Structures are given as structure tokens and as C-alpha cells.
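Trainee: I am new to this structure and would be grateful for a close look at a single part of one chain. Please place that part in its surroundings as well.

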Amino acid sequence: MPDAPGLELIRGEIEQNHPGAVLDTSFDRGQAALVVDPEQVLGVLGWLRDAPGQGYRFLSSLHVADYLPAEPRFGVHYELLNRDRVERVRVKALLRDPGALAAGPVTGEGPAGGAAAPFSAPPPRHPRSSVEGAADDPLPVIDSCVELFPTAEFQEREAYDFFGIVFRGHPDLTRILLPDDYVGWPQRRDFPVGGEPVLFTYNEHDRG
Amino acid sequence: MVETLNDNTTTEVMTVNIGPHHPATHGVLRLIVDLEGEVVRDLKPVIGYVHTGIEKSCEDKSYWKVIPFVERMDYVSYFFQMEAFCGAVERLVELEIPERARYLRVIFLELNRIHSHLVWLGTTALDLGAISMLWYCFRERDRILDLFEMATGQRMHTRYFQVGGVIEDIPLGFEAKLREFVADMPVRVEQYQALLDRNEIFLSRTKGVGIVPRERLLELGVTGPLLRAAGEPWDLRKAFDYLSYPDFDFKIPVGTVGDGYDRYRVRLAEMVESVKIVEQALGGLPEGPFIADDRKYVLPPRSELPTSMESLIHHFKLVTEGYRVAPGEVYYAVESPRGELGCFVLADGSAKPARVHFRDPSFVNLQAFKDMSVGGYVADMIASLGMLDPILGGVDR
Amino acid sequence: MRSRQLRSRDMLRGDLEGEDLERYVEERVVTTTLAKLQHWAQANSMFPLTFGLACCAIEAPISIVTARYDLARFGAEALRASPRQADFIILSGRVSIKMAPVVRRLYDQMLEPKWAISMGACSSSGGMFSNYAVVQGADKFMPIDLHIPGCPPRPEAVLYGFTKLQRKIMGNTDPGWRQRYNAAGTEEWARGGPRSEPSPEEAAAYDAARELVRA
């Protein structure tokens with residue numbers, strides 16, 4: 001991994017080419033991460049790939065994490081790999097959920113004011129869960145990096161399938177792993193896991 | 001190698017659906033193929049038929065309960081998924097695993113690699129018509145599974161790796177049996193080569209079939225034997241030096257052209273290299289604990305439970321709630337038999353992971369399938385699919 | 001051997017009469033009903049469908065046809081890829097919600113008589129995957145004749161299940177455990193819970209079921 005000073009150098013160089021793109025850096029447990037502004041993510045990825053000193057030409061993985069009680073909620077992660085220097089760097093773009101903003105403030109409990117830790121207990125079940133009305137919710141949007149990294153094609157479709165994130169410019173953004181007519185974005189934190197309760201003699205009548 | 005058509009014939013593009021139930025797709029893969037005669041013009045894989053929601057289920061379970069779940073993703077190389085997850089969590093909690101555990105992990109990983117390549121060889125040769133290979137390869141595979149059963153109690157999905165090391169030490173007699181296997185295996189690989197290497201039918205079905213240039217493979221994110229067959233010497237075992245791989249002397253087989261025949265040769269050579277690694281690991285197996293000592297994350301040995309109150313409390317805490325991991329996120333990749341298997345774990349301070357995502361090599365390698373098949377015949381497409389070695393459990397998760 | 005030779009000589013000469021002749025014929029000729037004969041033939045020459053979904057597929061159909069756990073010795077060697085030609089389907093692996101209609105269609109395409117074995121925990125009951133994506137047991141959408149527990153079940157377990165299915169086809173289904181261990185009437189009710197005692201209707205239903213089982 002580029003170490004912490006190396007990471008700051010990268011940040012500095014990106015600032016020169018794409019001002020305001022990098023919002024934060026973090027070097028935690030040996031892994032370097034850059035938090036970038038979602039609107040400029042293509043610029044940063046392109047720079048990391050093409051700039052002469054960098055050469056992060058291999059996109060190992062593109063995945064999304066849902067940081068639910070924290071806003072902005074969705075983090076699109078790009079794991080980049082420089083095969084010549086054997087270094088990994090992570091680029092994170094944080095997106096808000098326009099559906100939740102449209103719905104109004106969450107009526108769940110949580111630590112008052114700015115909590116020290118970004119996470120609290122597992123999120124309370126949101127009254128308007130992602131299951132109902134999911135088809136009408138506006139979805140978070142970010143640019144697709146399929147032009148830069150063709151490997152992202154299936155991975156962005158998977159992110160769309162599970163989180164409902166729309167990638168602008170993707171050639172074929174349809175569901176990939178779930179049935180085509182599935183409603184809901186399962187991997188979001190407020191989507192229930194599903195399944196059935198196990199039947200024992202004491203509760204077999206509760207099932208009706 | 002498509003012949004030109006006569007001027008008198010008219011052709012029409014026909015869309016054919018192959019799968020999801022099909023004897024030659026490796027699992028439930030569905031292909032929608034546009035055919036002009038026998039020539040493939042366009043190809044669209046449709047996946048998701050064995051999507052199990054493993055990543056979502058993992059968010060609901062404590063960290064050690066996640067291990068049996070993630071094993072079942074790529075169901076032929078189960079030790080690799082365990083290693084990816086346990087390695088990721090060990091990086092999150094910054095836990096060092098003891099030397100003996102590292103060696104044991106490498107032994108089982110390399111045995112799993114041989115196992116995966118044997119299953120691949122048996123089923124792919126079956127697809128191409130060399131049916132007897134299935135019986136020979138599965139005979140060796142049963143010997144490996146006997147070894148797994150001896151050490152862990154289960155043939156597949158052994159739940160052997162835990163965060164901190166391995167769950168149990170190898171039993172008496174395991175080393176002897178493993179040495180027998182290691183002595184036998186190179187002879188067997190030679191026998192397989194004698195059957196297939198110069199077999200005219202096998203050669204004509206794999207030579208020159210499914211070639212994708214190296215740069216395009218890198219763009220598509222393809223790793224593993226597919227990339228190495230195309231001439232790129234990229235292997236995470238050598239690049240990232242994880243576990244105890246730096247202690248061993250082994251080579252990375254690399255092909256030249258990147259067709260089906262090269263992929264076959266690369267995988268067979270990898271089997272031989274894996275045997276070498278197992279031999280060296282067995283020879284240099286250090287004494288010592290097989291799991292780390294940190295009682296916050298690792299169960300205390302059962303012999304201590306009746307006498308030590310602290311051990312009892314640790315045991316209770318670990319079994320009921322599980323260990324808590326400080327908030328953070330980590331991405332850790334290993335070299336599985338199919339390529340780069342990466343595991344992303346997001347921890348939120350509680351006893352359950354907030355997100356577990358696997359970057360599965362078959363999922364990404366499948367994107368190269370279209371490039372491999374378009375322009376060739378349908379039969380070549382089936383041969384390429386065999387050489388691509390997708391495991392749909394990993395693709396669909 | 002010598003005595004049998006002598007008896008054959010007697011029969012050919014026409015010397016065996018009455019009871020001797022009847023006993024002679026009984027020893028050598030199998031008499032049975034046509035149905036039993038048909039079932040015996042069916043059970044011993046089943047054509048499995050090559051159908052593997054996930055991990056269990058590596059154990060069956062692939063591992064049980066290999067040399068160590070030979071399925072061919074039970075007559076089921078000829079695996080057929082087309083459901084129209086297959087006799088029974090082994091659901092080996094987890095059935096996801098996307099795959100369930102496909103499986104049902106395959107089962108419908110099979111011709112009577114057909115049987116279905118649900119192999120492993122995932123197809124029997126959803127297994128460890130109690131979530132949105134896995135059908136909690138193939139029973140939910142198709143009739144299953146036999147369930148084999150395990151994750152994955154050993155090939156020997158699958159072979160045992162297969163022989164159980166053979167016995168079922170031949171008409172002597174293995175008795176359930178309550179019959180085998182004479183354990184009828186041992187259902188337990190959670191003590192002190194809201195339903196510590198069965199309601200009268202439930203008690204009557206259980207009694208009726210016990211009678212059926214005992215019959």
C-alpha cells in the first residue's frame with residue numbers, strides 16, 4: 001500500500017489536477033483510502049490510472065457498502081491495484097439516498113447531536129422500509145467507470161441490483177443476480193433478511 | 001477460423017437459449033447466444049440462478065458464524081473463501097497468527113487448489129469427450145477429500161480456518177497419509193498428461209480456441225490461470241507474500257498464446273507446483289500453537305474451562321455474542337484457483353459485520369467469455385467455457 | 001449340486017409327480033404380480049437427470065457416478081440430460097427464487113412415473129440460508145419423494161437414500177422412526193407455555209394420525 005505520507009502526496013497531486021475532488025484521506029490498518037466527491041470520481045480514477053507516476057490500471061473490485069445510520073449513506077468503493085509496484089489504493093465515493101431525503105427525517109432514536117462513533121446500534125426498522133415504494137423512490141446516481149475500466153460492467157450491475165445505485169452511462173444497467181421483476185434493493189441495511197422462522201411445537205400455530 | 005459462405009445461401013441470425021439446465025454449462029449458467037449457422041455472433045450470460053443472498057445473511061451473524069456461509073460461495077475452493085474472510089478479519093483486529101497455523105493453512109489451501117483443478121479437469125475433459133478423465137481425476141479427488149475428512153471431519157465445507165489460525169491441529173497419521181499422496185500425485189499428473197497432451201481430438205478442440213489478448217484480459221479484470229496462460233506472470237501468492245508463501249520455493253507457470261490448450265497446461269503445471277509447496281510445508285512444519293492466543297477473539301482450549309474462571313467467561317462471551325471488531329474496513333485478496341478472490345469486510349464495532357462482500361474471480365472472469373466466443377463455433381464456445389472454469393456458486397453468491 | 005442334477009434328470013424323464021413337481025417349479029420360477037415385477041424393474045433401472053445446482057452437485061451427480069461410490073451398481077448409471085428421458089431428479093443444491101420456476105418446469109417435463117429426491121439441507125428446507133433469496137425447501141413448489149439430510153451429504157448417504165427410494169418404489173417403504181422405535185404418542189408440549197396441553201381438536205387429530213400410522 002502507499003503509506004500515509006505517500007497517500008498525502010497522491011492527494012496533493014490530485015488537488016492540482018482536479019481541485020476539490022478529494023474530500024478526505026484515511027490510512028487505517030495498512031490500507032490507504034481516498035474519499036472523493038462523487039461528481040469528480042471519473043476524473044480521479046482516470047488520473048490514478050493514467051498519470052505517469054501512478055499507474056493504478058487494474059480495478060480489483062467495485063462494490064458498495066451501506067453505512068446506514070450515518071449520512072451520506074452509500075459508499076461506492078473502487079479497489080485499485082498497481083501491479084508494477086504491487087500497491088492497492090481505495091477510492092470511496094459517498095452518496096446520499098434521495099429517497100430518504102424525500103421522505104423526511106428518520107423517526108428513529110440515535111445519539112443526540114454529532115455522535116463520536118460513526119455507527120450506533122443496528123438501525124431501527126425504518127417505517128418506510130426499502131421494500132414498499134421502492135420502485136418509486138428516486139435513486140442515487142453516480143458516473144459509470146466502464147469506459148475507464150471495462151471490468152466494472154458486471155460489478156456496477158451488481159451494485160445497481162443490490163443497492164439501487166444508478167450508474168450514468170452504463171451500457172446495460174439491469175438486474176443481474178436477482179429475478180428481473182424483483183422489487184426492492186436487498187443489500188440495503190434496512191431491507192429485511194427474509195426467510196422463515198423455524199417451526200417448533202410451541203410456535204407452529206403462529207404461522208396461521 | 002470461420003469459413004466463408006456461398007453466395008447462394010441466405011442466413012439468418014437465430015437466438016438460442018443454452019441453460020440454465022444444461023449438461024455442459026458448469027452449473028446453472030444461462031447463455032443467450034445469437035447464432036449464424038454454427039458461428040457465434042453475440043453472447044449474453046444470464047446469471048443469478050443460484051443466488052443465495054450469502055452476503056446479506058452474513059450481516060446477520062456473528063463473525064465466526066459467517067465462516068460456514070462464505071465457504072459455500074465458490075463451493076469447490078472452500079478453503080480459499082475461509083482464508084479470504086479470516087485474513088480480512090485478522091487484518092481488522094490486527095491479530096498475528098502463529099507460524100504453525102500459517103503453514104497448516106498453506107497446506108490445506110494448496111490441497112484445495114489441487115482439488116479444484118482436479119474437478120475442473122475431470123468435468124472439462126468430460127465436456128470435450130474425454131470421459132475417462134472424470135474417473136481418474138475423481139479418484140485423486142477422493143484421496144484429497146479423505147485427507148480433509150481425516151483432519152477436519154468433513155469432506156467439503158470443513159469450517160477449518162478460524163480467525164487466529166486453524167480450529168484444530170492435524171491428527172496423528174495425517175502427515176504419513178499426506179506424504180503418500182504427495183509422492184503419488186506427480187505420477188498421476190504425468191498420466192493425465194500422457195492421456196491428453198498429444199491427443200489429437202483434445203488438441204484440435206483447444207488449440208487456438210478462445211484467445212483473448214493479454215491487455216484486454218487485464219482491462220476486463222481477469223486474473224488467475226486465464227491471465228497467466230496469456231503470458232502475464234501475475235500471481236498474488238508471489239506478489240503479496242501473504243501467509244507463509246515466501247518460505248517456499250515454487251514457480252508460477254505461464255503460457256504463451258492464451259488459448260484453451262495453454263490454460264490446460266497452466267493448470268496442470270499449477271497442480272505440480274502445489275504438490276511441491278505441500279511437500280515443503282510438510283517438511284518444514286514448525287511446532288507450536290495452531291491458533292492465536294488472544295482470548296478476545298479465539299476460544300480458549302477446552303481443557304482450561306473447568307479450572308479457569310476467566311477462560312469460562314471468555315468462552316461464554318465468544319460463543320454467545322461473538323467478538324466485537326473495532327470500526328473499520330478492509331479489503332484482502334488471496335489467489336484462488338480461479339484468480340483473485342477478494343474479501344471486503346466493513347466492521348461497525350458490533351459483533352456482526354456490517355458488510356461482507358466477495359470479489360469473486362469467476363464473476364469477473366465471466367466478462368471475458370463473450371470476447372472468447374464471438375466469432376467462433378458453438379463447439380468452441382463450449383470448450384472455452386470449460387477452460388474458463390466458472391463456478392456458479394461464486395458467480396452468484 | 002449333485003442332488004439338483006438328479007432332480008433335473010427326473011423331471012426331464014417325466015418322473016416327478018404332484019407335490020414333487022410343484023416344489024420343483026417353485027424353487028426355480030419366480031411368481032409374482034405384474035405390478036411388483038414392473039416396480040422391481042423400474043427401481044433397478046432408473047435414469048437420473050443430470051441436474052446439479054450448487055455444492056451438493058459435486059457430491060451428486062458427479063461424485064456418486066465415479067468409481068468409489070458407484071451408482072451404476074444400483075442400475076442408475078445412465079444419466080440423461082433431457083428431462084423427457086429421465087426417471088428421477090436429484091435436487092442437489094440450494095434452490096434460489098430465480099431457479100425455482102426452472103426446476104418446476106423441468107419436473108413438469110419429466111414423464112410419469114417420476115420421482116424427486118431432495119438432497120442436502122438446502123433443497124429440503126432452505127438449509128442454513130434463511131433469507132430472501134432461497135426457497136425454504138423445494139417442497140414449496142414440487143412434490144418430493146425423499147429427503148437426504150447433510151451439508152453436503154456424503155455420497156454414501158446419497159446412495160443409502162437412493163436405495164430407500166428403490167424400496168419405496170418396490171412397495172415396501174421404510175417405516176418412519178415412530179413406527180420403528182414404537183414411539184407413537186411421544187410428542188412433547190412445551191411445559192408451562194401458552195399451549196401446554198393440546199386443544200381437544202388437536203388431541204383428536206393427533207389420535208387419528210397415530211391410528212393411521214399404527215395401521
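Mentor: A residue counts as buried if 20 or more other C-beta atoms lie within 10 Å of its own, as exposed if 12 or fewer do, and as partly exposed in between, with C-beta atoms placed from the backbone. By this criterion, 36% of the 208 residues of chain A are buried.

Residues are numbered from 1 along each chain as its sequence is written, while chains are lettered from A and ligands numbered from 1 in the order in which they are written. The model is predicted: local features need pLDDT of at least 70 and side-chain atom pairs count only at pLDDT 80 or more, whereas totals for chains, interfaces and linings use all residues. Here pLDDT is the predictor's confidence in each residue, from 0 to 100. For chain A its mean is 77, and 76% of the residues reach 70 or more.

Chain A contains four helices and seven strands. These are DSSP runs, numbered from the N terminus: H or I over at least four residues for a helix, E over at least two for a strand. Read from the N terminus, the order in chain A is α-β-β-α-β-β-β-α-β-α-β.

The part I have chosen is helix α4 of chain A, residues 152–163. The expected span of a helix is 1.5 Å times one less than its number of residues. For the twelve residues of α4(A) this gives 16 Å, and the end C-alpha atoms are 16 Å apart, so the two values agree. Immediately after α4(A) comes A:Gly164, whose phi is positive, at about 80°.

Is α4(A) enclosed or not? Twelve of its twelve residues are buried, so the helix is largely enclosed by the rest of the structure. Among these buried residues are A:Phe154, A:Tyr160, A:Phe162 and A:Phe163, but also charged ones, including A:Glu153, A:Arg157 and A:Asp161.

What surrounds this helix? The buried residues of α4(A) pack against β3, β4 and β7 (166–168) of chain A, and also against α13 (361–365) of chain B. The helix thus leads us to the boundary between two chains, where 30 residues of chain A are in contact with 37 residues of chain B. Two residues are in contact if their C-beta atoms, placed from the backbone, lie within 7 Å. On the chain A side, β3 (58–66), β4 (74–82) and α4 each supply at least two residues, and β3(A) gives the most, with seven. The residues of this side comprise 15 nonpolar, eight polar and seven charged ones. In this classification Ala, Val, Leu, Ile, Met, Phe, Trp, Tyr, Cys and Pro are nonpolar, Asp, Glu, Lys and Arg are charged, and the others, Gly among them, are polar.

One residue of a neighbouring strand deserves attention. A:Tyr78 belongs to β4(A), and it counts as buried because it has 26 C-beta neighbours inside 10 Å. A:Ser61 lies 17 residues away along the chain, yet its C-alpha atom is 6.0 Å from that of A:Tyr78. Beyond four places in sequence, A:Tyr78 is in contact with A:Leu45, A:Leu59, A:Leu62, A:Arg90 and A:Val91.

Elsewhere in chain A, β1 (22–28) and β2 (31–36) pair in the antiparallel sense over six bridges; two strands pair if DSSP finds at least two bridges between them. Within this pair, A:Thr25 stands opposite A:Leu34. The two strands form a hairpin with two residues between them, and A:Arg29 in the turn has a positive phi of about 55°. β2(A) also pairs with β5 (87–95) of chain A, in the parallel sense over four bridges, with A:Lys92 of β5(A) as the bridge partner of A:Val35.

Contacts across the sequence complete the picture of chain A: among those between residues at least 6 apart, 56% join residues at least 24 apart.

A caution concerns residues 104–135 of chain A, where pLDDT stays under 50 and the model has 42 contacts beyond four places in sequence. Where pLDDT is low, the predicted coordinates should not be read in detail.
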